[in-house]
Amino acid sequence: MSASTVAVIIVAAGSGSRLAHSEPKAFVPLAGRTMLELAVDAALGMHETPHVVLVVPEGRVESARAMIGPVAEAAGAPLDVVEGGVSRQDSVARGLALLPRLVDTVLVHDAARPLTPSLVFDEVVQAVRSRGHGVIPALDVVDTIKRVDPSHRVIDTVDRSTLAAVQTPQGFPREALDRAYATAGAEFTDDAALVASIGLPVDVVPGDARAFKVTVPADLHRAEQLVHDRLAREGRAANPVAGAPAPMPRVGTGVDVHAFSDDPGTPLWVAGLEWPDGRGLAGHSDGDAASHAIVDAVLAAAGLGDLGSIFGTDDPALAGAHGTVLLGRARELVERAGYRIGNVSVQVIGNRPKLAPRRAEAESVLSAALGAPVSVSATTTDALGFTGRGEGVAAIATAVVGPV
Ligand code: CTP
Ligand code: MG
């Protein structure tokens, strides 16, 4: 193992609160391997073999060393592993403190950007060496950017030609980074800001779309898709060793029951439609058991709990709310969690309303509200039970969701 003059500090000590996974973010699997392993692979794919420093969460030093040690050794890369601090800046400082004297160029990389190509690392190293100061990869900002006040009112439009969306690895001459960390007077969200705060120059070089940061569940699905696409192009299955499968669709089930109201003036809403035939169903909302069963099914499929836990059974905003409004809200939540709804099947159980004549209409209203095909069927229970006695209506739904 030869000594390296380039070091890559991979910060992996965050908890990943926005990803909301049971494991700390860097230890979350992505197509069968952890994000930390993928990030290390990218660093080890550099032209020059780096000294690798992993900054990991409390209690993870030994497991990280066991996971990464053999790969680093096979690549001939020296490896250090250390516990991180409360903030990202603390974590980088702890990694920096471990570097051997020989290291003259330091790259700081987020484990949360596991698909960053090795070429980006090489370009950053090369630019730091040739320019003699800090270099960070960045992408042009393509969206129009607005400044907005806390009440969501637009204040103005920012000139995007002077903006850049920055990524990691961020590279610096060792001496500049050491000096910036030694004199740091405030917390910054990246190393470039810290280095710039002591008056040192930092340049941007072209970043790479694949260096995006995995922050929320939808990012993880996107990353997973990219790995599967890449492996499929190369004619390989994801992680043949561990046999990690492609992401599977997820199913969910929902059941709901509403009693017919004592008030003869209550309108009857079932399966997104109003029915003229007789008194309606009791409930805090419109009592549409079919829509509520669908909401429960899609929330369950996405692992988001159920209608009561999300909306609250006595949420005043939902008083009298139509089932279709709840369906739209459920769709938003599911999509925000990184899933799209495949399809839903719902069966209404009761003596009335007679759904058959308006089945197509109900399917079209429910499908439009949910943004996915909904099939509606109906049955009676042969005069048995509460539905057979005409005391209420039940509905049972099954939903399939898949990664975006
Ligand atoms: N990081 C770290 N030490 C901390 C905080 C963050 O090493 N105290 C690392 C993370 O592990 C991640 C990178 O800094 O690789 C970028 O941070 P971010 O994406 O914000 O990750 P988390 O802080 O883990 O996520 P969240 O903010 O959602 O909790
Ligand atoms: Mg964070």
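User: Which residues lie nearest the centre of the largest pocket?
Analyst: This is a predicted model, in which local features need pLDDT of at least 70, side-chain atom pairs count only at pLDDT 80 or more, and totals for linings use all residues. Residues are numbered from 1 along each chain as its sequence is written. A pocket is an open set of points, on a 1 Å grid over the protein atoms alone, where a 1.4 Å probe fits, with protein on both sides within 12 Å along at least five of seven lines; lining residues have an atom within 4 Å of a point. Of the 28 residues lining the largest pocket, those nearest its centre are Arg 18, Lys 25, Arg 88, Asp 110 and Lys 213.

User: What takes the space of the largest pocket?
Analyst: A molecule sits in a pocket if more than half of its atoms lie within 2 Å of its grid points. The space in the largest pocket is about 640 Å³. The occupant of the largest pocket is ligand 1.

User: Which side chain has an N or O atom 2.7 Å from a nitrogen atom of ligand 1?
Analyst: A polar contact here is a pair of N or O atoms within 3.5 Å. An oxygen atom of ligand 1 lies 2.8 Å from a polar side-chain atom of Lys 25. The nitrogen atom of ligand 1 has its partner at 2.7 Å in the side chain of Ser 91.

User: How far apart are the centres of domain 1 and domain 2?
Analyst: The bounds come from an automatic or database domain assignment, which gives domain 1 as 6-233 and domain 2 as 250-403. Taken over C-alpha atoms, the separation of the two centres is 46 Å.

Terms used
Chains are lettered from A and ligands numbered from 1 in the order in which they are written. Side-chain values use heavy atoms; hydrogens and water are left out. A polar contact is a pair of N or O atoms within 3.5 Å; within protein, one must be able to donate a hydrogen and the other to accept it, and residues adjacent in sequence count only if both atoms are side-chain atoms. Grid points are joined across faces, edges and corners, and a volume is the space filled by probe spheres set on the points.
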